[in-house]
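Here is a short report for a first look at this structure. Start with the cysteines, then step back to the whole chain.

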Amino acid sequence: GLYLVFLNNDIEIIENNWIERMLFYSKKENIGVVGSKLIYPDNKLQHGGISVGIYSTSGHFQRGIIKNDPGYMNTCKYPREVLAVTGACMMIEKTKFIMLDRFDENFKVIFNDVDLCLKSFENKLTNLAIENLIFIHYEGVTRGINNFTKDKDKDVIKLFWKKWGKYVR
């Protein structure tokens, strides 16, 4: 195909035209990676874009606010530029994915999404979170929640810092 969708198996699709809506932005020449708003089953925000530099690496904007809360300066209502989106639900044009050298296999489970988005940003592409496109994310149901205390996670964090420290700082 011409476009790639990465979608976790713990995502519930609740909108029929989601592919068309993501494709609308992904087709644009200046757009890199496109993500959506993800909410927990209790209607609280899980993902509306990722900020690099919080939680010593990266983290989700406004996590935990109520689904319909407009967020700080209405940032949770409309599509907007973000530095990164979660790999739990993302779309990218295949040629851009290849140009960005795909996912870095050194980030097998964590940070592969942020790494791809940072490569996109450094290549002058805009990453978007479509805040008015909503999916339910049963985060952690399949593989557990990241707690970054395992030794293998600490090694990946060091690698992330080595590669992207200028953004984390």
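Cys117 counts as buried, because its relative accessibility is 0%. The model is a predicted one. Cys89 also has a low value: at 1% relative accessibility, Cys89 counts as buried.

Do these cysteines pair up, or stay apart? The sulfur of Cys117 lies 12 Å from the closest cysteine sulfur, that of Cys89, which is too far for a bond. A disulfide needs the two sulfur atoms within 2.5 Å. The structure therefore holds zero disulfides.

| Cysteine | Relative accessibility | Class |
|---|---|---|
| Cys89 | 1% | buried |
| Cys117 | 0% | buried |

**The fold**

The protein chain has four helices and nine strands. From the N terminus on, the order is β-β-α-β-β-β-β-β-β-α-α-β-α. The radius of gyration is 15 Å, close to the 15 Å that the globule rule gives for 169 residues, so the chain is as compact as a globular protein of that length. Along the principal axes, the C-alpha atoms fill a box of roughly 40 × 35 × 30 Å.

Contacts reach far along the sequence. Take those between residues at least 6 apart: 73% of them join residues at least 24 apart.

**Inside and surface**

Of the 169 residues, 47% count as buried. The accessible surface of the protein chain comes to about 9,100 Å². Carbon and sulfur atoms account for 53% of that surface.

Charge comes last. The chain carries 24 positive and 20 negative side chains. The centres of these two sets lie 3 Å apart.

Conventions:
Residues are numbered from 1 along each chain as its sequence is written. This is a predicted model: local features need pLDDT of at least 70, side-chain atom pairs count only at pLDDT 80 or more; totals for chains, interfaces and linings use all residues. Side-chain values use heavy atoms; hydrogens and water are left out. Buried means under 20% relative accessible area, exposed over 50%, partly exposed in between (1.4 Å probe, protein chains only). Helices (H or I, at least four residues) and strands (E, at least two) are DSSP runs, numbered from the N terminus. The radius of gyration is taken over C-alpha atoms; the globule rule is 2.2 Å times the number of residues to the power 0.38. Contact means heavy atoms within 4.5 Å. Accessible areas come from the Shrake-Rupley method with a 1.4 Å probe; for residues, only the protein chains shown count as cover. Lys and Arg count as positive and Asp and Glu as negative; His and the chain ends are not counted. The place of a charge is taken as NZ of Lys, CZ of Arg, CG of Asp or CD of Glu.
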